[in-house]
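The following paragraphs lead the reader through the fold, from the sheet outward to the pockets and the loops. Please keep the model in view while reading.

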Amino acid sequence: MLYFAYGSNLNWYQMHKERCPGVKYIQSYVLKGYKLIFSNRNPKNKFGHANIEKNNKFNVHGCIWHLTKKHEKILDEYEAVNYNPPYYQKEYISWNKKKVLVYIQKIYTKKNPSSSYIHTIVQGYKDCNLNIKYLKKTIKSYNLDYEIQW
């Protein structure tokens with residue numbers, strides 16, 4: 001199964017060592033018509049996680065991974081798709097005429113990402129050779145109380 005990552009799952013150490021050993025990186029990819037945001041399902045939570053929302057004026061930089069069924073189950077648990085209510089929902093996009101899994105929060109409140117979380121994503125951008133300027137532009141719309149080590 002193919003999977004589009006746009007948040008902390010861009011980070012190779014996290015994916016290869018912590019979550020999905022044996023996962024295969026395919027390539028970087030830009031998803032058109034979506035905007036990267038940080039949000040949380042629970043409005044009472046302090047910090048947000050990466051999420052995407054439809055917006056034709058934006059694009060989301062990310063990567064495509066090849067997952068096994070076991071990897072998919074691990075990510076389903078991590079993304080809390082089976083919780084009631086679910087934290088993220090599974091959707092599918094098309095890439096090279098193939099179905100690609102993507103996790104999206106449908107109900108959310110925009111929140112600032114934590115420092116450790118955004119730094120995990122910064123490393124993921126480096127790992128996947130993504131344009132860090134895109135992430136910098138996205139982060140500018142958030143009022144952070146810490147410095148980011150780009």
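Two strands are taken to pair if DSSP finds at least two bridges between them. In this predicted model, one such bridge sets S28 opposite C63, its partner in β3.

That bridge belongs to an antiparallel pairing in which strand β2, residues 24-40, is joined to β3 by 14 bridges. Strand β3, residues 49-66, also pairs with strand β1, residues 2-5, again in the antiparallel sense and over 4 bridges. Within this second pairing, Y3 has W65 of β3 as its bridge partner. Strand β2 in turn is joined to β6 by 2 bridges, and these two strands run antiparallel. Here S39 has K110 as its bridge partner in β6.

Strands of a sheet pair through backbone hydrogen bonds, either parallel or antiparallel. In the present case, 6 strands form an open sheet with mixed pairing, and their order is β4-β5-β1-β3-β2-β6. The edges are held by β4 (89-95) and β6 (109-110); each has a single partner strand, so one side of each is left without a neighbour in the sheet.

The protein as a whole contains 4 helices and 6 strands. Read from the N terminus on, its elements follow the pattern β-α-β-β-α-β-β-β-α-α. One of the helices, α4 (residues 132-139), lies across β2 and β3 and runs at about 10 degrees to β2.

The overall dimensions can be considered next. The C-alpha trace spans about 40 × 35 × 35 Å along its principal axes. How does the radius of gyration of the protein compare with that of a compact globule, and what is its value? For 150 residues, a compact globule would have a radius of gyration near 15 Å, and the 14 Å of the protein agrees with this.

Two pockets deserve attention. The largest pocket has a volume of about 240 Å³. It is lined by 15 residues, of which H49, Y78, E79, Y88 and Y117 are the closest to its centre. Strands β1 and β3 are the elements that give two or more residues to this lining. By class, the lining of the largest pocket comprises 10 nonpolar, 4 polar and 1 charged residues.

The second largest pocket holds about 180 Å³ of space. Its lining consists of K35, L36, K57, F58, N59, H61, Y134, K137, T138 and S141. Which elements each supply at least two residues of this lining? They are β2, β3 and α4, and β3 gives the most, with 4 residues. The helix that lies across β2 and β3 thus shares with these two strands in lining the second largest pocket. By class, this lining has 3 nonpolar, 4 polar and 3 charged residues.

Finally, the loop between α2 (69-78) and β4 carries two backbone features. P85 lies in this loop, and a cis peptide bond joins N84 and P85, with omega at about 0 degrees. A80 is found in the loop between α2 and β4 as well. Phi of A80 is near 55 degrees, a positive value in a residue other than glycine.

Terms used:
Residues are numbered from 1 along each chain as its sequence is written. This is a predicted model: local features need pLDDT of at least 70, side-chain atom pairs count only at pLDDT 80 or more; totals for chains, interfaces and linings use all residues. Side-chain values use heavy atoms; hydrogens and water are left out. Contact means heavy atoms within 4.5 Å. Axes are lines fitted to C-alpha atoms, for helices over the stretch in contact, and angles run from 0 to 180 degrees between N-to-C directions. On a 1 Å grid over the protein atoms alone, a cavity is a set of points where a 1.4 Å probe fits but cannot get out, and a pocket is an open set with protein on both sides within 12 Å along at least five of seven lines; lining residues have an atom within 4 Å of a point. Grid points are joined across faces, edges and corners, and a volume is the space filled by probe spheres set on the points. Ala, Val, Leu, Ile, Met, Phe, Trp, Tyr, Cys and Pro count as nonpolar, Asp, Glu, Lys and Arg as charged, and the others, Gly among them, as polar. The radius of gyration is taken over C-alpha atoms; the globule rule is 2.2 Å times the number of residues to the power 0.38.
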